[in-house]
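Biologist: I'd love to go through this one with you. Could you put it up so that we can talk about how its labels are earned?

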Amino acid sequence: MKKILGIGSRIDHKEYGKGVITNVDSKMYWVTFIESGLETIQFDEDYEVIEASEDDLDTVSFYEVEKSLRNILKKWSDASEIVPIADKYKGGTLVLQPKDTSLSNKEIPIDTFFHKIVMLRDRLRVMEQKINSNKVMDDQDKVDLQQYITRCYGSLTSFNVLFKNNSQHFKGESSKK
């Protein structure tokens with residue numbers, strides 16, 4: 001395994017070109033590339049180190065603080081996070097083809113469809129938060145509704161193929177065990 005690079009390290013990625021590491025977590029780098037902008041890459045992807053930067057900060061701890069802050073902001077606001085679509089689907093089209101060939105296809109820009117999926121996920125999360133913070137419902141009712149929401153997430157796992165980052169996938173019951 002390669003040595004983990006610090007923030008400020010410069011790399012040349014096989015697909016994205018030259019860039020600078022702007023954030024690090026326990027599994028991936030956030031890199032700002034000259035040509036393609038901000039991308040996340042795994043530690044073991046194919047890239048050449050142009051200049052390694054020694055990181056004086058504990059980047060994993062910094063990431064955890066940032067993650068905690070994001071979770072707090074999500075909990076107390078309706079703001080949704082920016083969720084990137086998988087590169088292979090950017091600009092694509094979703095085609096719904098009826099069995100009856102006399103009927104015409106319905107085409108939807110996949111970016112629009114993906115946005116609706118992300119909004120649904122965000123609204124389910126807000127509903128979870130409202131259930132958890134409800135002072136009138138008893139604990140059993142909260143658990144029952146939580147299980148129902150978890151099953152909803154499970155039903156939506158088919159759409160995980162559209163997400164660029166695995167950390168933003170829908171997760172049903174089996175993934176929580």
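Biologist: What makes the pair Asn 165 and Thr 40 a polar contact?

Modeller: Bear in mind that this is a predicted model. The side chains of Asn 165 and Thr 40 come to 3.0 Å in it, and a polar contact needs N or O atoms within 3.5 Å, one able to donate a hydrogen and the other to accept it. The pair therefore qualifies.

Biologist: Why is Asn 165 called buried?

Modeller: Its relative accessibility is 11%, and buried means under 20%, so Asn 165 counts as buried. Across the protein, 28% of the 177 residues count as buried.

Biologist: Where in the chain does Asn 165 sit, and which residues does Asn 165 touch, leaving out those up to four places away in sequence?

Modeller: Asn 165 lies in the loop between helix H3 (139-155) and helix H4 (173-176). With that exclusion, Asn 165 touches Thr 40 and Pro 84.

Biologist: Which residues lie nearest the centre of the second largest pocket?

Modeller: Thr 40 and Asn 165 appear again, together with Gln 42, Glu 45 and Lys 164. The lining has 15 residues, and the pocket's volume is about 230 Å³.

Biologist: Which strand gives the most to that lining?

Modeller: Strand S4 (residues 37-42) does, with three residues.

Biologist: And how many residues of each class are in the lining?

Modeller: Five are nonpolar, six polar and four charged.

Definitions and conventions: Residues are numbered from 1 along each chain as its sequence is written. This is a predicted model: local features need pLDDT of at least 70, side-chain atom pairs count only at pLDDT 80 or more; totals for chains, interfaces and linings use all residues. Side-chain values use heavy atoms; hydrogens and water are left out. Buried means under 20% relative accessible area, exposed over 50%, partly exposed in between (1.4 Å probe, protein chains only). On a 1 Å grid over the protein atoms alone, a cavity is a set of points where a 1.4 Å probe fits but cannot get out, and a pocket is an open set with protein on both sides within 12 Å along at least five of seven lines; lining residues have an atom within 4 Å of a point. Grid points are joined across faces, edges and corners, and a volume is the space filled by probe spheres set on the points. Helices (H or I, at least four residues) and strands (E, at least two) are DSSP runs, numbered from the N terminus. Ala, Val, Leu, Ile, Met, Phe, Trp, Tyr, Cys and Pro count as nonpolar, Asp, Glu, Lys and Arg as charged, and the others, Gly among them, as polar. Contact means heavy atoms within 4.5 Å.
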